[in-house]
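Trainee: I have a model open in front of me and would like to learn how to read it step by step. Could we go through it together, with questions and answers?

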Amino acid sequence: MPSSRSLAALTGITVLGIALTACQDQASGQIVARNDARIVETISNTSIHGCHRFPEGVTHVENFTQSSLMMYTTPDCSVPPGGQSVYLDMQASDHAVRSTGLWRSFSFAPE
């Protein structure tokens with residue numbers, strides 16, 4: 001019977017690990033924001049809740065987290081009339097399009 005106890009313990013630990021991961025409030029990894037070649041901000045393990053502002057507009061974002069981002073040209077994560085947000089997948093990077101303007105904020109995309 002020791003093997004069934006071990007299997008039960010392993011199953012319990014696995015379920016607990018999955019539950020803790022699902023309730024995670026931080027995006028594991030880094031987000032690097034640049035204005036051309038100059039790094040504006042590097043953000044590590046930030047909260048996945050709410051709107052996050054860049055200290056200034058950025059032209060390039062590298063998303064080294066395990067979560068997808070929504071990028072905005074406004075400082076409050078809103079979409080201006082006639083504008084749009086930009087989806088940036090996990091482990092990806094993107095450049096702001098000059099016609100839309102610099103990115104000023106981001107939020108984490110719903111899963």
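Trainee: How many of the 6 residues of β8 are buried?

Mentor: Before we start, keep in mind that this is a predicted model, in which local features need pLDDT of at least 70 and side-chain atom pairs count only at pLDDT 80 or more, while totals for chains, interfaces and linings use all residues. Residues are numbered from 1 along each chain as its sequence is written, and side-chain values use heavy atoms, with hydrogens and water left out. A strand here is a DSSP run of E with at least two residues, a helix is a run of H or I with at least four, and both are numbered from the N terminus, while buried means under 20% relative accessible area with a 1.4 Å probe, counting protein chains only. Strand β8 is mostly covered, and its buried residues number 5.

Trainee: Which strand pairs with β8 over 4 bridges?

Mentor: Two strands pair if DSSP finds at least two bridges between them. β3 is joined to β8 in the antiparallel sense by 3 bridges, and Val-58 stands opposite Trp-103 of β8. Leu-69 has Phe-108 in β8 as its bridge partner, and the antiparallel partner over 4 bridges is β5.

Trainee: Which strand gives the most residues to the largest nonpolar core?

Mentor: A nonpolar core is a set of buried Ala, Val, Leu, Ile, Met, Phe, Trp, Tyr and Cys residues joined through side-chain atoms within 4.5 Å. The largest one has 15 residues, and among those touching the most other members are Phe-54 and Phe-106. Strands β1, β2, β3, β5 and β8 each supply at least two residues of this core, and the one that gives the most, with 3 residues, is β8.

Trainee: Is Ser-105 buried or exposed?

Mentor: Ser-105 is found in strand β8, which spans residues 103-108. Leaving aside neighbours within four places in sequence, Ser-105 is in contact (heavy atoms within 4.5 Å) with residues including His-52, Phe-54, Met-71 and Tyr-72. Because its relative accessible area is 0%, Ser-105 counts as buried.

Trainee: Which residue has its backbone oxygen 2.5 Å from a polar atom of the side chain of Ser-105?

Mentor: The side chain of Ser-105 reaches the backbone nitrogen of Cys-77 at 3.1 Å, but you asked about a backbone oxygen. The oxygen that lies 2.5 Å from a polar atom of this side chain belongs to Thr-74.

Notes:
Buried means under 20% relative accessible area, exposed over 50%, partly exposed in between (1.4 Å probe, protein chains only). A polar contact is a pair of N or O atoms within 3.5 Å; within protein, one must be able to donate a hydrogen and the other to accept it, and residues adjacent in sequence count only if both atoms are side-chain atoms.
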